[in-house]
Amino acid sequence: MLGRSRRAGPAAAATLSRLRGWDPQEEEKKEKGEQLPSLQDPLTTVREHCEQSEKCVKARERLELCDARVSSRSQTEEQCTEELFDFLHARDHCVAHKLFKSLK
């Protein structure tokens, strides 16, 4: 038995692959271009919902006004950083309260 390599048969290899989280059938589907069921990130969904809240809408309006103001000038050092951070803070505050309720 020493010096002899052990090889798993195709059935054993498929079982090991599934146990490791890799499915050769899904890999074949990807190679053939077949559509796999699309998964949607709950974070993206919650962010989109929170961006519609009153606080986020107001923060986005301030950010857009600042962006328009900065874009209209050729010589300015203003970058709208504060307005961007205010918008992200408002959105993330809303997300923090809703995201974990949607996770399993």
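Which counts as the right word for Asp92: buried, partly exposed or exposed? The points below come to that residue in turn.

1. **The model and its fold.** This is a predicted model. The chain has five helices and zero strands. Read from the N terminus, its elements run α-α-α-α-α.

2. **Surface and burial.** The chain has 104 residues, and 15% of them count as buried. It exposes about 9,300 Å². Carbon and sulfur atoms supply 52% of that area.

3. **Contacts along the sequence.** Take the contacts in the chain with a separation of 6 or more. Residues 24 or more positions apart account for 59% of them.

4. **The largest core.** Eight residues make up the largest nonpolar core: Cys56, Ala59, Leu63, Cys66, Val70, Cys80, Phe87 and Ala90. Helices H4 (54-72) and H5 each supply at least two of its residues. H4 gives the largest share, five residues. In soluble globular proteins, nonpolar side chains tend to be buried together.

5. **Phe87 within that core.** Phe87 is one of the eight core residues. Leaving aside residues up to four places away in sequence, Phe87 touches Glu51, Cys56, Ala59, Arg60 and Leu63. Cys56, Ala59 and Leu63 belong to the largest core as well.

6. **Another core.** Apart from the largest core lies another, of five residues. Among them are Val46, Cys50, Cys94 and Val95.

7. **The disulfide of Cys50 and Cys94.** The structure holds two disulfides. One joins Cys50 to Cys94, with an S to S distance of 2.1 Å. Cys50 lies in helix H3 (residues 42-50) and Cys94 in helix H5, so this pair ties together parts that are 44 residues apart in sequence. The torsion about the S-S bond of Cys50 and Cys94 is about -75°, so the disulfide is left-handed. Both cysteines, Cys50 and Cys94, are buried.

8. **The disulfide of Cys66 and Cys80.** Here the sulfur atoms of Cys66 and Cys80 are 2.0 Å apart. Cys66 sits in helix H4 and Cys80 in the loop between H4 and H5, so the pair links parts that are 14 residues apart in sequence. The torsion about the S-S bond of Cys66 and Cys80 is about -95°, so this disulfide is left-handed. Cys66 is buried, and so is Cys80. With the bonded cysteines of the chain numbered in sequence order, the pairing is 1-4, 2-3.

9. **A cysteine without a bond.** Why does Cys56 have no bond to Cys94? The sulfur of Cys56 is 5.8 Å from the closest cysteine sulfur, in Cys94, and that is too far for a bond. Cys56 is buried, with a relative accessible area of 0%. Cys56 is also part of the largest nonpolar core.

10. **Glu83, a buried charge.** Glu83 is found in helix H5 (residues 81-102). Glu83 is buried yet has no salt bridge. The nearest side chain of opposite charge is Arg69, 4.2 Å away. A salt bridge needs the nitrogen and oxygen within 4 Å. Not counting residues up to four places away in sequence, Glu83 touches Arg62, Leu63, Cys66 and Arg69.

11. **Two salt bridges to look at.** The structure holds six salt bridges. In one, Glu54 meets Lys58 at 3.3 Å, N to O. Glu54 and Lys58 are four residues apart in helix H4, so about one helical turn separates them. Glu54 is exposed at 57% relative accessibility, while Lys58 is partly exposed at 43%. In another, Glu78 meets Arg73 at 3.7 Å, N to O. Glu78 is partly exposed, with a relative accessible area of 28%. Arg73 is partly exposed too, at 42%.

12. **Back to Asp92.** Asp92 counts as partly exposed, at 35% relative accessibility. The side chain of Asp92 meets that of Arg91 in a salt bridge, 3.5 Å from N to O. Arg91 counts as buried, at 12% relative accessibility. Salt bridges that share partners join Glu51, Arg60, Arg91 and Asp92 into one network. Glu51 and Arg60 from this network also touch Phe87.

How values were computed
Residues are numbered from 1 along each chain as its sequence is written. This is a predicted model: local features need pLDDT of at least 70, side-chain atom pairs count only at pLDDT 80 or more; totals for chains, interfaces and linings use all residues. Side-chain values use heavy atoms; hydrogens and water are left out. Buried means under 20% relative accessible area, exposed over 50%, partly exposed in between (1.4 Å probe, protein chains only). Lys and Arg count as positive and Asp and Glu as negative; His and the chain ends are not counted. Contact means heavy atoms within 4.5 Å. A nonpolar core is a set of buried Ala, Val, Leu, Ile, Met, Phe, Trp, Tyr and Cys residues joined through side-chain atoms within 4.5 Å. Accessible areas come from the Shrake-Rupley method with a 1.4 Å probe; for residues, only the protein chains shown count as cover. A disulfide is a pair of cysteine sulfur atoms within 2.5 Å.
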